Amino acid sequence: MMTMQPTEFEPHFYDNLLRIIQMIHHQPHTILGLHPFFGGSKVIHLWRPGAQQVFIEVFGDLIEAKRIHEEGIFECVVPGHTTALDYRVFHQNGLLAYDPYAFLPTFGEMDQYLFGKGVHYELYECMGGRLTTHGGVSGVKFSVWAPNAKSVSLVADFNYWDGRVNPMRVMGYSGIWELFVPGIGEGEKYKFEIHTQQGERILKSDPFAYSCELRPATASVIANIERFKWQDQAWIEKRTSANLTSAPMNVYEVHLGSWRKRGNDFLNYRELAHELVAYCLDMGFTHVELLPIQEHPLDESWGYQVSGFYAPTSRFGTPEDFQYFVNYFHNHQLGVILDWVPGHFPMDAFSIGRFDGSALYEHADPRQGYHPHWHTHIFNFGRHEVSNFLIANALYWFEVMHIDGLRVDAVASMLYLDYGREESEWIPNDFGGKENLQAIEFIKHLNSIVHSRCPGVLTIAEESTSFPGVTHSVESGGLGFDFKWNMGWMNDTLRYFSKDTLFRSHHHHDLTFGLIYVFSEKFISVLSHDEVVHGKRSLLSKMPGDMWQQFANLRLLLSYMICQPGKKLLFMGAEIGQWNEWNCKSDLEWFLLQFPTHQGIQNFVRDINHFYLNHPAFWQKDCTHESFEWVDFADIQNSVISYLRKSSEEKLLCVHNYTPLYHSDYVLHLSQFQNIEEIFNSDDQKYGGSGKHTHPEVIKDAAGKVIGVRLALAPLATMIFKLV
């Protein structure tokens, strides 16, 4: 029952009160908070559902407010000179703080305009829950995009998760709902309660949250990402001027949750930083690439079903801990690349799927918005606000978290509308084709902005088709990536190595085909996590033959990758010769290193990696034809290939023998050198090999001209020679 007449300033006062109570008011600040009243005074309106009595602190004194509606609307008449900083209200948890409804918006008109156009590249600063000082008052500003919601409320620790207490206001036609809450701070857990057009009330985590609760809990958490003091300016400056196409790049692919553990517990980002840096430096890696560390609900997804795109997973600590991780790597001259998943997202009810009761981030039509392979939603790349969410996310990891590269997951699934679908399960583009034109435009926009704002960082495509121009510049019609995973090389190579050595001569083309296209893009040769799971077996277990041959084959495989054109990536576990497939729930089988065979593999990987770093022939002209020259690709009978790797400083001869036969008198026709010296041999006894080394003999014709070299080829081995 009402106990107060409406004021002359608010003819629809009763209706507005009811809309507050019914939680359907778009502008609660027009009723709640501090407002003009009769006779030059002001009035404070407060909404405390179900409360019988409420006190407000005004000019330092506690004053009992008057209940004007039995549902819990209170008012307190105050002097006309009262400002937002002259009174404080009590929240449900007892916090006494300034009134959230007495402050101007924190999300401005320019923010709305840029977001609507899809070009708000600092969106991560103003969306979500952010620590701030507003109007001279510290607190947290909240902004969330929910254009189809009837209303949105903030629920959090401070209001005991009561969705009635703190309704948010909508900002114009942007679909952004906003609220500034003074007095709360770091560590506050929160979500958004969204009242949909269908009459549902759904709880959603913050899509822009900097931090999240440890799974299985799903609340967002207010985090301070500005406190950390970066000390990597020298690295950033060096990165800006570097040209990685002509520099060594040897990437160690790591899943943080299973690289090393403490019993059943995860290590913290800081602990991982110290242990991983020491290991990478010792083993000769230049970068670490992390399987997705963005927040995700399911361990078994390996991080590829992301629910918190802006939040480093709390499994390993806080955002500040992650900043320490990156900073520590940079201070030891190691780069950090993150796997990034902009193609799809999980269907968990708390996440961004059907965020405001409608298909907001995803397409409404399942032929465009549902991924049959992974049972996930697909982003609507043609919607400006969605592409802005993703591009700002990439910039956040580069600009705020200082990471050095993003490896973009499943690019092929983004490029093609029919990816993983039957004929009737997809919709052609406007021209009748299968290319996803909106995704292509998004990728070009992403790469253009990233490279203009963050010179020196990398974007890397995991792209498994022959889509043209993946690593060509946007200006020349390409997608603008810096590198592309060479999935064709990986598949051909692993298929070849799985064959019994007796039959490898029938599959010789698997070794040579990749060299036809290797310089059409800037490639990274990869032996990734995808090849050691789901029944595919570990690299060592794929190898045919007895145990000696299996280890020899693994050494041959890894050294073959090092010698081939392209940058390098190796998934953890291969360097110790793990027998079992990778298991994300347990750490690597480090105990294997007590056995000489496995210690030999680790020593071999360490040596070949450092050998790679010390020889510019393998990387200085990596992306050009000048760096590679066949010597003999046609010795099918013996399953031997040989070629030169070249730089401006040196010329190396690489010879690979893919059978267990020892060739004591093997001749290669080769000229334009005077001396030859063996400088690396994967068959060395210190690695577990047979120790078959060679003393090359230079062959000359009657005129004394060099026409070839006679070698002894070790079994199942890579042999590298320096030519002078």
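**Figure 1. Helix 15 and helix 16 run roughly parallel to each other.** This view comes from a predicted model. Helix 15 covers residues 547–563, and helix 16 covers residues 596–613. Their axes come within 11 Å and cross at roughly 15°. Angles under 35 degrees count as roughly parallel, so helix 15 and helix 16 fit that label. Helix 15 passes helix 16 in a right-handed crossing. On the helix 15 side, the contact is made by Phe551, Leu554, Arg555, Leu558, Ser559 and Ile562. Helix 16 answers with Thr597, His598, Ile601, Phe604, Val605, Ile608, Asn609 and Tyr612.

**Figure 2. Helix 12 meets helix 15 in a right-handed crossing.** Helix 12 spans residues 487–497. The axes of helix 12 and helix 15 come within 11 Å and cross at roughly 155°. Is helix 12 roughly parallel or roughly antiparallel to helix 15? The angle makes helix 12 roughly antiparallel to helix 15. Look for Trp489, Thr493, Leu494 and Phe497 in helix 12. They meet Asn553, Leu556, Leu557, Tyr560 and Met561 in helix 15.

**Figure 3. The largest nonpolar core holds 190 residues.** Which members touch the most other members? They are Tyr252, Phe322, Phe325 and Tyr361. Helix 9, residues 384–400, gives the most to this core. Its share is eleven residues. Another core, of 18 residues, lies apart from the largest one. Phe673, Leu711, Leu713 and Leu723 are among the members of that other core. In soluble globular proteins, nonpolar side chains tend to be buried together.

**Figure 4. Gly480 sits in a loop between two strands.** Strand 29 (458–461) and strand 30 (483–485) flank this loop. Is Gly480 buried or exposed? Gly480 counts as buried, because its relative accessibility is 11% and the cut-off for buried is under 20%. Asn447 is 33 residues away along the chain, yet the C-alpha atoms of Gly480 and Asn447 are separated by 5.6 Å. Leave out residues up to four places away in sequence, and Gly480 touches Asn447, His451, Thr459, Gly469, Val470, His472, Ser473 and Val474.

**Figure 5. His615 lies in the loop after helix 16.** The loop runs between helix 16 and strand 33 (628–635). His615 has a relative accessible area of 16%. That value is why His615 is buried. Which residues does His615 contact, leaving aside neighbours within four places in sequence? They are Glu650, Leu652 and Ile679.

**Figure 6. The record marks a catalytic domain at residues 253–606.** An unreviewed UniProt entry names the feature "domain: Glycosyl hydrolase family 13 catalytic". The end C-alpha atoms of residues 253–606 lie 15 Å apart. This span is 34% helix and 14% strand.

**Figure 7. The whole chain gives the setting for the close-ups.** The chain has 724 residues, and buried residues make up 61% of them. Its secondary structure comes to 16 helices and 40 strands. Taken along the principal axes, the C-alpha atoms fill a box of roughly 115 × 55 × 45 Å. Now take the contacts between residues at least 6 apart in sequence. Of these, 71% join residues at least 24 apart.

Key:
Residues are numbered from 1 along each chain as its sequence is written. This is a predicted model: local features need pLDDT of at least 70, side-chain atom pairs count only at pLDDT 80 or more; totals for chains, interfaces and linings use all residues. Side-chain values use heavy atoms; hydrogens and water are left out. UniProt positions are given in the numbering used here, feature names are shortened, and annotations may be inferred rather than shown by experiment. Helices (H or I, at least four residues) and strands (E, at least two) are DSSP runs, numbered from the N terminus. A nonpolar core is a set of buried Ala, Val, Leu, Ile, Met, Phe, Trp, Tyr and Cys residues joined through side-chain atoms within 4.5 Å. Buried means under 20% relative accessible area, exposed over 50%, partly exposed in between (1.4 Å probe, protein chains only). Axes are lines fitted to C-alpha atoms, for helices over the stretch in contact, and angles run from 0 to 180 degrees between N-to-C directions. Angles under 35 degrees count as roughly parallel, over 145 as roughly antiparallel, 65 to 115 as roughly perpendicular and the rest as oblique. A crossing is left-handed if the near helix is turned anticlockwise from the far one by less than a right angle, and right-handed if clockwise. Contact means heavy atoms within 4.5 Å.
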